[in-house]
Structure formats: C-alpha cells, structure tokens
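The following paragraphs lead the reader through one protein structure, step by step. Please keep the sequence and the model in view while reading.

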Amino acid sequence: MEFKIIGKDPESNARAGELETVRGTIKTPVFMPVATRAAIRALSFRDLEEIGFDIILSNTYHLYIRPGTALLKEIGGLHKFINFEKPLLTDSGGFQVFSLSDLCKVFDNGVEFRSHLDGSKHFFTPEKVLDIQKIIGSDIMMVLDQCTEYPVNEDKAGEAVERTLNWASLSVEYWKDRFDLNKQSLFAIVQGGVYPRLRKECAQRLVELDFPGYAIGGLSVGEPKGMYMDITEFTAQHLPPDKPRYMMGVGSPLEILFAVKNGIDMFDCVMPTRIARNGTLYTSEGRVNIKSSGYERDFSSLDEKCCCYVCRNYTRSYLRHLYKMGEIASMIYLTYHNLFFMKNFMNEIHDGILSGNFRKVYKKWENVY
Ligand SMILES: [Zn+2]
C-alpha cells in the first residue's frame, strides 16, 4: 500500500490524496460504506459500484460469528464470497466485542467474550484477529484495541491505552512475520478517551512502531461535540503527516468536514444508511424528514441538485408514500440516495482541496447543516 498526498489546503491541515492498494486506488478524503454482515442493508454491491465507491468496510466480529472463518477460508475470502473486487477494510472486532457481546472479560493477552448470537465462548488475541482478517482477505486490517465507553475515568482510560499499545506492538511483529505486507496493510488505533495526555502518549508510542496508517478510535461515542472537536484536532497533530489517518465511526457531514480540516483522510459510519431507513435524508439544502405530512402532495424531487436515479425519477410524495407503507423499495431508494450524497460530498471535498476551494466548500456545508 502506498499513500500519496496530491494536494493541500493552504489555510488548514486538509489534504487530498491517493491510497494505492493491490485492489485499486482510493481517492481521499474517503467515506467507506459499512457492510457489517457482508452486505450493505437494502443495497446490492452493483449499486455501490454504480455510485462509485472505491472501498468498503466490514466487521471482523460479525464475519467471525457468521458466516464464520471456515466457510470464508473454503471460498477464498470475503471478496469472493460477495463477488466484489474493490478494496476492503475490516475493523478488528474490538469495538463489537466491547459493545455487543455478553460477559466480555479483558486479560493482558486478549479478550474473552460470549457471542451475542448463541452465547458461545470465544477468545480474541491480537494475533487471532489478524489471522481472521487474513482469511477474510482484508486489504486494510485493524489491530485489536481496547475501546472505552464515555464517560470513563482517566485511570481506566490509561489502562486501556497501555493494553492497546501492548497489543499493537504484538500485532505489528506478527504482521511483519506472517503477512504479505503489500497485499494486507495494518493500521493502529489511537485510544485515550477524552484525555489529551493519554491521546498524545498513545499516538506517539504507536508512531514509534511505524504502522502504514493510523486510526483514531473511541470518539463520537456520546461525548459533547466540543470535546469531539478538541480531541480530533489534538490527536491528529501527533500522527505522522505522510501516513493515512482514519477517524473510526464518524460520519455526519459536519463531523467529517471538521476532521478533514484537521488532516483526517478516511471515515466510516453506519449513520447515512441507518437514518435513511428511518426516513431521514441528506440533501443539498439540509436534512429532509420524508415522513413529514408536508410532503404528502410535494411532487418535486427529493433533492433538485442530486443526480442519483432516485432524485431523477421519484417525487417526495411518492417516497413518503413508500415509507409510510413500509415498502422495501423505500429502504432501497432512501439508502441509495444517502450513499450517493455521501460519495458526492466526499468528491466535492477532494476536488475543493485540489482547486484551493476547501474553505468555500466548508462554509457552504456549514451553512446548510
Ligand atoms: Zn439523490
């Protein structure tokens, strides 16, 4: 994997780049749609190709539980299973283990948990989650980290940072020993809650381990907005400028813009697809709640400025009707539009940085959202 910065905004830390992987080049800043269980809810991978996404994200924990590594090994990885040949990033499963599974117990060498599905007992070590991601065939793998919830006290956050650092160190050695480094890249994750001292220490010690890329984890987990902004700005400063930076689980237009301004290159979030299924759409004029009775006889398109097939063909009135009826088509159309919006939003940011207009793009969306 190679990361090239092809343009910088003169007034901020925003940068436009190209992340080259064996399976293709990814234009950054990039938004990665989330195919949690090997599928984007309500969309086909053909839809994703049509929208033009360069990379998707899937979840190690979910794939490990179902369909399981034996099946994925048999077919030759997730790309084959879903018949999608573009780059794939998988998280390490850490976040899901800590947030979803029952009876999760942390040890120095890993984490024991019970499946949220059938209660069966499992143990993830830093090495094991890499073995799983090897079978999945992820182009970008993430290290096992210990996530903390919000709020968490500084001592507890500090313990999680120590464990995260220890696991990162084991992971990078294991990766260098046993992987094709060009085919499967490995990113570290900076933890440290809302404590600048811990974030700085975690970032600096991870940078010493020399990973191909760095993620910021444990943000947008319920902390106040000001805190999200302070920690993002502060943490990004401690990451090497020539490596890709990934903000995990963040995906509202304004959060993305703010992070891009501070030098973040990659994003993933379930929010655009989740809110679409609940009838909330991103448009060029702000959020639209299609449930609203005001749209009953609104025969204009969802977003006049959007050229996705939903906006070109269907009225707000019809989309509201589909939603009210609980039609599957409603989920399909609304999800398609929101992901189309995200892709174009990221293109506008990328192009804005390259043409020296990032500030203009920022201001425009700040006024809308
Ligand atoms: Zn549209």
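Two strands are said to pair if DSSP finds at least two bridges between them. The structure shown is a predicted model, and a hairpin serves as the starting point. Strand 8, residues 110–114, and strand 9, residues 121–124, pair in the antiparallel sense, and 4 bridges join them. Within this pairing, Arg 114 stands opposite Lys 121 of strand 9. The two strands form a hairpin in which 6 residues lie between strand 8 and strand 9. In the turn, Gly 119 has a positive phi of about 75°.

The next elements to consider are helix 6, residues 126–136, and helix 7, residues 154–178. These helices pack at an angle of about 45°, and their axes are 8 Å apart. Angles from 35 to 65 degrees are neither roughly parallel nor roughly perpendicular, and helix 6 is therefore oblique to helix 7. Their crossing is right-handed. On the side of helix 6, the residues that meet helix 7 are Pro 126, Glu 127 and Leu 130. Helix 7 answers with Trp 167, Leu 170, Ser 171, Tyr 174 and Trp 175. Sorted by class, the contact of helix 6 with helix 7 comprises 6 nonpolar residues, 1 polar residue and 1 charged residue.

The division of the whole protein can now be described. Domain 1 covers 2–269, and domain 2 covers 271–369. Between the C-alpha centres of domain 1 and domain 2 the distance is 27 Å. Their contact draws 29 residues from domain 1 and 26 residues from domain 2. On the side of domain 1 that touches domain 2, at least two residues each are supplied by strand 2 (15–21), strand 4 (30–32), helix 1 (45–51) and helix 10 (253–261). Helix 10 gives the most to this side, with 5 residues. By class, the side of domain 1 that touches domain 2 has 17 nonpolar, 5 polar and 7 charged residues.

Strand 2 also belongs to an open sheet of 3 strands, whose order is 1-2-3 and whose pairing is antiparallel. The edges are formed by strand 1 (2–8) and strand 3 (24–28), each of which pairs on one side only. From one strand to the next, the twist averages 20°. Strand 2 and strand 3 are joined in the antiparallel sense over 5 bridges, and Glu 18 stands opposite Lys 27 in strand 3. Helix 14 packs on this sheet and touches strand 1, strand 2 and strand 3. The direction of helix 14 makes about 115° with that of strand 2.

Helix 14, residues 328–354, has a further partner in helix 13, residues 316–325. The two pack at an angle of about 130°, with a distance of 7 Å between their axes. Helix 13 and helix 14 are therefore oblique to each other. The crossing in which helix 13 passes helix 14 is left-handed. Helix 13 contributes Leu 319, Leu 322 and Tyr 323 to the contact, while helix 14 contributes Ala 329, Ser 330, Tyr 333 and Leu 334. The contact of helix 13 with helix 14 contains 6 nonpolar residues and 1 polar residue, with no charged residues.

Conventions:
Residues numbered from 1 in each chain as written. Predicted model: local features only at pLDDT ≥ 70, side-chain atom pairs only at ≥ 80, totals over all residues. Axes fitted to C-alpha atoms, helices over the stretch in contact; angles between N-to-C directions. Parallel < 35°, antiparallel > 145°, perpendicular 65-115°, else oblique. Left-handed = near helix turned anticlockwise from the far one by under 90°. Contact = placed C-beta atoms within 7 Å. Nonpolar A, V, L, I, M, F, W, Y, C, P; charged D, E, K, R; others polar. Domains from an automatic or database assignment.
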